[in-house]
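Welcome! The exercises below each set a short task and then work through it step by step. Have a look at the picture before you read the solutions.

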Amino acid sequence: MSQTIRRVELKDRTVILAGTVHISQESTQEVRDLIESEKPQRVCVEIDDGRYRSMSQGSSWENLDIGKVLKEGRGFLLMANLALAGFQRRMGEGVGGKPGEEMLAAVSAAQDAGIPYSFCDREIQVTLKRAWARSGFWNKSKLLASLADSAFSSEKLSEEEIEKLKDKTELDSMMAELASFLPSVKEVLIDERDRFLASRIYRETESLVVGVVGAGHLDGIEAWLRKLDAGEVSPDTSEIETLPKPSKAGKIVGWSIPVIIIGFIVLGFIKSGVQASLALLLQWVLLNGTLAALGSALCLAHPLTILVSFVSAPIATLNPFVGVGLFAGLVETFVRKPRVSDLENLATDVTSVKGFYKNRVTKILLIFFLSSIGGMIGNFIALPFLFSGALK
């Protein structure tokens, strides 16, 4: 039996796990062959209902309201979505496959054979929001930078290289790298979904079930299935289907920077008077605002957007509930409203740096991201200057 096929014998049923690579044509054919040969009573696929509709009926980017996305605080999340979509699209083009094609093939094979099928993955938005909520600002930036590097890379993987991803040692090294790079993201994207997928598969009562899942989930799902069958854990997954509550530490950190900045300015006033205090205030505003404006300028933003980035950066710093990226993004949305063509071409434009700059939707997201980064760097640079100035 192939190393990507696992037959898990439970007390009263058998589960066959088919490990796939999501852009591999060979995986697609293997899935069809397995379902046709085993003739299971049910097929479970690693996909949620929303993703299935999107993949089978076409992209829904045309309905995107970028202004609403920014106001709801989902700018970083959308950037991660788009960068990941661009990465998968580029990878698929290199071998003639499409991301998730093997999942659609599993559903199609089940339909052709009259076999019931289930969508067993957690909703993608819940997964991404949980990963986002578990990550700090710098971890978000690291994740986006990693995805962008993958999405815009000109390197093309061969079919043989992609098939190597099925190999356990290759996957182990990838998971170890992800765990060390962003442990909180790995926990949500891999570990939690291993448990969720296993629980959904375990709830199916048919005697022979085929589960079509990404090869990276095989070990985790098999381990969880055996724990579930032994009664060691509950199949209830409600606690990993909601967003984690913000921690008190996170709230404290969010307010720490503005409190420290104000503290230094007040200290300057106490030690040296109004003039020294105003000098410190001006120094901070210039550093904070200039780097936020520079972030927007690097995106070739509208001059009004650059100006707003400069003015709003200090305001955003003093109120952690809003960010300079929100102001800058909304202004750019107003002065350069996305066109119909921008929404229609979003899926292809995210595969290149040129496309990101040309497309008004992705350009707005870049402005949102880089102006936020610039403002934050400006604050950190300003702190030692404020500290030394306050003590004079």
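**Exercise 1: An arginine and its acidic partners**

Asp219 counts as partly exposed, at 34% relative accessibility. Please keep in mind that the model shown is a predicted one.

Task: Find out which parts of the chain are linked by the salt bridge between Arg6 and Asp219, and decide whether Arg6 is buried or exposed.

*Step 1.* Start with the contact itself. A salt bridge joins the side chains of Arg6 and Asp219, at 2.8 Å from N to O. Arg6 belongs to strand S1 (residues 5-9) and Asp219 to helix H11 (residues 218-229), so this link spans 213 residues and connects distant parts of the chain.

*Step 2.* Now judge the cover. Arg6 counts as buried because its relative accessibility is 19%, and buried means under 20%. Glu222 also has a value of 19% and counts as buried.

*Step 3.* Add the second contact. Arg6 and Glu222 form a salt bridge too, again 2.8 Å from N to O. Since Arg6 sits in strand S1 and Glu222 in helix H11, this pair ties together parts 216 residues apart in sequence.

**Exercise 2: A salt bridge under cover**

Task: Say where Arg193 and Glu46 lie, and work out whether Glu46 is buried or exposed.

*Step 1.* Look for the contact. The closest N and O atoms of Arg193 and Glu46 are 2.6 Å apart, and the two residues form a salt bridge.

*Step 2.* Place both residues. Arg193 is part of helix H10 (residues 183-203), while Glu46 is in the loop between strand S3 (42-45) and helix H2 (49-57), so the salt bridge connects parts 147 residues apart in sequence.

*Step 3.* Check the accessible area. Arg193 has a relative value of 13% and is buried. Glu46 has 4% and is buried as well.

*Step 4.* Widen the view to a network. Arg6, Asp219, Glu222 and Arg226 are joined into one network by salt bridges that share partners. Over the whole structure, a search finds 14 salt bridges.

**Exercise 3: The neighbours of strand S5**

Task: Work out how many residues of strand S5 (residues 208-214) are buried, and how S2 and S3 run with respect to S5.

*Step 1.* Begin with the cover. Seven of the seven residues in S5 are buried, so the strand is mostly covered, given that buried means under 20% relative accessible area.

*Step 2.* Turn to strand S2 (residues 14-20). S2 and S5 run parallel and are joined by seven bridges. Here Val15 stands opposite Val209 of S5.

*Step 3.* Then take S3. Four bridges join S3 to S5, and these strands run parallel. Val43 faces Val210 of S5 as its opposite residue.

**Exercise 4: A nonpolar patch**

Task: Find which helix gives the most residues to the nonpolar patch on the surface.

*Step 1.* Describe the patch. It has about 720 Å² of accessible area together, and its members include Ile262, Phe269, Val274 and Leu318. Helix H12 (248-272) and helix H13 (274-298) are the elements that each give two or more residues to it.

*Step 2.* Compare the contributions. H12 gives the most, with four residues.

*Step 3.* Finish with Leu318, found in helix H14 (residues 303-318). Leu318 has a relative accessible area of 35% and is partly exposed.

Technical notes
Residues numbered from 1 in each chain as written. Predicted model: local features only at pLDDT ≥ 70, side-chain atom pairs only at ≥ 80, totals over all residues. Heavy atoms only, no water. Salt bridge = Lys/Arg side-chain N within 4 Å of Asp/Glu carboxyl O. Buried < 20%, exposed > 50% of the residue type's maximum accessible area, 1.4 Å probe, protein only. Pairing = 2+ DSSP bridges. Patch = residues over 30% accessible without salt bridge, like charges linked within 9 Å, V, L, I, M, F, W, Y side chains within 5 Å. Areas by Shrake-Rupley, 256 points an atom, 1.4 Å probe, with all protein chains shown as cover.
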